[in-house]
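Please find below a few numbered remarks, written for someone who is opening this entry without earlier acquaintance.

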Amino acid sequence: MPRAEMLMVFTYDVSQDRKRRRVARILEGAATRVQYSVFEARLSEQRAAALAQRVAAELAPGDSLRVYAIGASGETRTRTYGDAAPIEPPGNYWIV
């Protein structure tokens, strides 16, 4: 049985350009960039932890990564304003 996925938000503050680019590349492989240093993805807790560990390995002293798990009740109360893209709904997708 597949593990439940939830909306995960990854946000980072990395001072060195080279490390920042590596962190962004890692996150771009598994998540959608919604702001310069903010990514969203629907992941299981296990996959989110693995992704966070990959990013954390790139951090230098003074850098930070925050990962927020948004549960179903929190997600229904989430709002976007301005030119923000809507949050991707859960489900299976086919790209043709």
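1. The protein chain exposes about 7,200 Å² of surface, and carbon and sulfur atoms supply 51% of that area. These values, like the others in this note, are computed from a predicted model. Of the 96 residues of the protein chain, 28% count as buried.

2. The protein chain holds 3 helices and 4 strands, and when these are read along the sequence they follow the pattern β-α-β-β-α-β-α. Among the contacts in the protein chain with a separation of 6 or more, 71% are between residues that lie 24 or more positions apart.

3. Helix 1, which covers residues 17-28, has 12 residues, and from its first C-alpha to its last it reaches 16 Å, close to the 16 Å expected at 1.5 Å a residue.

4. Which residues of helix 1 are buried? They are Lys19, Arg20, Val23, Ala24, Ile26 and Leu27, and the list is worth reading with the charged names Lys19 and Arg20 in view. Seen down the axis of helix 1, the buried residues fall within an arc of 160°, so they line one face of the helix. As a general point, an α-helix has 3.6 residues a turn, so residues three or four places apart point the same way.

5. On the other side of helix 1, Arg18 and Arg25 are exposed. As for the buried residues of helix 1, what covers them includes strand 1 (5-13), strand 2 (32-35) and strand 3 (38-44), together with helix 2 (45-56).

Notes. Residues numbered from 1 in each chain as written. Predicted model: local features only at pLDDT ≥ 70, side-chain atom pairs only at ≥ 80, totals over all residues. Heavy atoms only, no water. Helix = DSSP H or I, 4+ residues; strand = E, 2+ residues; numbered from the N terminus. Expected span 1.5 Å × (residues − 1). Buried < 20%, exposed > 50% of the residue type's maximum accessible area, 1.4 Å probe, protein only. Arc of directions from axis to C-beta. Contact = heavy atoms within 4.5 Å. Areas by Shrake-Rupley, 256 points an atom, 1.4 Å probe, with all protein chains shown as cover.
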